[in-house]
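Visitor: I would like a quick tour of this model. Please take my questions one at a time.

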Amino acid sequence: MRRWNGWGDDTIQYPLSPRALAFLREAVGESEPPRDVSLATVLATIPRSPLPDLPGNGLIQVDERDRLKHARGQSLPDWVALRSGRIAAFPDGVAYPLSTGDVAKLLDYAARVDARVIPYGGGTSVVGHINPEPGDRPVLTINMRRMNQLTRLDSISQLATFGAGVAGPELEAQLRARGFTLGHYPQSFEFSTLGGWVVTRSSGQQSLGYGRIENLFAGGTLLAPAGEMRLPPFPASAAGPDLRQLVLGSEGRLGILTEATVRVSPLPEHEEFHAIFFPDFINGTTAVRRIVQARLPLSLLRLSTPVETRTTLALAGHERLIGLLEAMLGVRGVGDGKCMLLCGFTGQSKTVRDTRQATLEIAREHGGVSVGRRFGEQWIEGRFRTPYLRNTLWELGYAVDTLETATTWEGVPRMVETIEEALHSALPEGERVHVFTHLSHVYPQGASVYTTYLFRLANDPDETLRRWELLKGNTSRAIVAAGGTISHQHGVGRDHAPYLHAEKSAIGLAALRSAIAEFDPDGRMNPGVLLGCRAEGDLQS
Ligand SMILES: Cc1cc2nc3c(=O)[nH]c(=O)nc-3n(C[C@H](O)[C@H](O)[C@H](O)COP(=O)(O)OP(=O)(O)OC[C@H]3O[C@@H](n4cnc5c(N)ncnc54)[C@H](O)[C@@H]3O)c2cc1C
């Protein structure tokens, strides 16, 4: 069963080795397990729902467990709220439609009872996308997970249409059975959904080969309070602005994406993942930039800084193997400053062979030492398991969060420094923060910078939240000041809304607000998300 106050399936654990625990304690200090509240305690705090069910339909659940499970996503403030039981608001009802017709009925119902509506995919948002806000109007959350079927596969044109609530594993299983793949693997793959990916502009780990979701989204149906918009899957069109771009990143504000058509690829003939170690981050970054600018057809390039490389190796266990690896790298001139690059090669066997050779040649010119497939394959096998570590760390008294942006190649080294410095200096004297970074997605013009930070939980949840606010606020301001986007892949939600004006300009935000009002004249759809209350009330601020 899915955890109600943490990540993932509650039968899956991610234990830490004694060496990994010692590494953590050394990095941020000893911590104490928090006193989390029980499920029963939280359930007892949920007020009675004012919502009547749809007469004779049974689409809406008002059960406390359902309402609790849809109250929060996966951001750090969400975890603090769930684990402490301090949850400001719950949805008053949760609906599970089976069809676009059901969604239409639910939107009519919401209009009748003047409810706010929160579209819900997998609830994996890390920026406050799906949290109801306290207020007088009731809140109806519409969980799309039962709309999860492949409804059409055009194998000639390589287009597949799904119910938008399909989660990663269900989507890939249905495609793979027919010889195709979407190749979209965000780390939240296990639970996040196609609709969620589209409206948050998500990026999968192999986006270098398959493209980000905006490259994969070909069309679909959006049901808005003011009407239905169909987006045909044209391969290209010069008929005015592309309205698919309006839906991408709309974060539930325009309406509900009920079905989506995606561009799929035949299953690759061959796939392999390699690790290469560089003597330092500058050499690694230069090699990665050259590889991506040479337009070599890789599916993944992921470069860790020295601290992230050290952290990954320390948390991996396998002490003896890592000792041997470090000794071998040392002999080849790759010592303490080493940076790990993961490379994915996907496609026809010959293309894979040629691409690997060309990649290794460039890497060698920058002191890169290939260690073959073992580390790369291990990373791929464990890539959806890593988020489970967050549960283990919390229970030991540590909070983990991530930050991400993108900037041009010229700005990458300074952006890494700026983010890490902002995190290191955010907390008062005495509280240490362990910070590490990788370039997670690379483009010919630049890269996304993805930073993980770890700090101690306080005894008081409000103090933990205050620490997070200092860290997140300090760093978000620094990212914007350094010219980075406020989000490369997690979206805006509530947490990034105050920073949106820096990259959209006042007139851009006003245009967005007008478009939203056209689709949703009564302000019913997910208010507070994307433009935020502050941005909506004061676009200049
Ligand atoms: C451990 C972890 C790892 C992550 N890794 C990545 C990653 O590698 N790459 C990445 O891009 N993101 C990542 N994320 C963030 C998150 O998974 C993405 O933002 C994802 O796209 C959200 O999808 P979801 O289905 O869970 O949407 P939800 O969280 O349920 O909703 C997100 C937003 O989409 C709206 N929405 C959802 N479905 C619909 C619909 N059908 N119609 C209209 N609006 C809808 C909601 O109203 C909300 O505003 C990660 C999150 C976690 C917790």
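Visitor: Which residue in S4 is the bridge partner of Ala95?

Guide: This is a predicted model. Strand S2 covers residues 93–95 and strand S4 covers residues 139–143. The two strands pair in the parallel sense over 3 bridges. In S4, the partner of Ala95 is Ile142.

Visitor: Which are the edge strands of the open sheet formed by 4 strands?

Guide: The order in this sheet is S1-S2-S4-S3, with mixed pairing. An edge strand here pairs on one side only. That description fits strand S1 (60–61) and S3.

Visitor: Which residue in S18 stands opposite Val435?

Guide: Strand S17 spans residues 434–443, and strand S18 spans residues 446–456. They run antiparallel and are joined by 8 bridges. Opposite Val435, in S18, stands Tyr453.

Visitor: What are the edge strands of the open sheet with 7 strands?

Guide: The sheet has antiparallel pairing and the order S15-S12-S14-S13-S17-S18-S16. Two of its strands pair on one side only. They are strand S15 (369–370) and strand S16 (398–408).

Visitor: Now the ligand. How far is its oxygen atom from an N or O atom in the side chain of Ser188?

Guide: Ser188 is listed among the closest residues to the ligand, along with Pro119, Gly121, Thr124 and Thr193. The contact uses an N or O atom of the Ser188 side chain and an oxygen atom of the ligand. Their separation is 2.6 Å.

Visitor: How much of the ligand's exposed area does the protein bury?

Guide: Backbone N or O atoms also approach oxygen of the ligand: one of Gly122 lies at 2.9 Å, and one of Gly196 at 3.4 Å. Taken alone, the ligand exposes 970 Å². The share buried by the protein is 97%.

Visitor: Which element gives the largest share of the shell around the ligand?

Guide: The elements giving two or more residues are strand S3 (116–120), helix H7 (194–200) and strand S10 (256–263). The largest share is 5 residues. It comes from H7.

Visitor: How many residues of the shell are charged?

Guide: The ligand is surrounded by 35 residues. Of the shell, 21 residues are polar and 13 are nonpolar. The charged count is 1.

Visitor: Where is the pLDDT below 50?

Guide: The protein averages a pLDDT of 95, and 97% of the residues score at least 70. One stretch falls below 50. Beyond near neighbours in sequence, that stretch has 14 contacts in the model. It covers residues 534–541.

Conventions
Residues are numbered from 1 along each chain as its sequence is written. This is a predicted model: local features need pLDDT of at least 70, side-chain atom pairs count only at pLDDT 80 or more; totals for chains, interfaces and linings use all residues. Side-chain values use heavy atoms; hydrogens and water are left out. A residue is near a molecule or strand if one of its heavy atoms lies within 4 Å of it. A polar contact is a pair of N or O atoms within 3.5 Å; within protein, one must be able to donate a hydrogen and the other to accept it, and residues adjacent in sequence count only if both atoms are side-chain atoms. Accessible areas come from the Shrake-Rupley method with a 1.4 Å probe; for residues, only the protein chains shown count as cover. Ala, Val, Leu, Ile, Met, Phe, Trp, Tyr, Cys and Pro count as nonpolar, Asp, Glu, Lys and Arg as charged, and the others, Gly among them, as polar. pLDDT is the predictor's confidence in each residue, from 0 to 100. Contact means heavy atoms within 4.5 Å. Two strands pair if DSSP finds at least two bridges between them.
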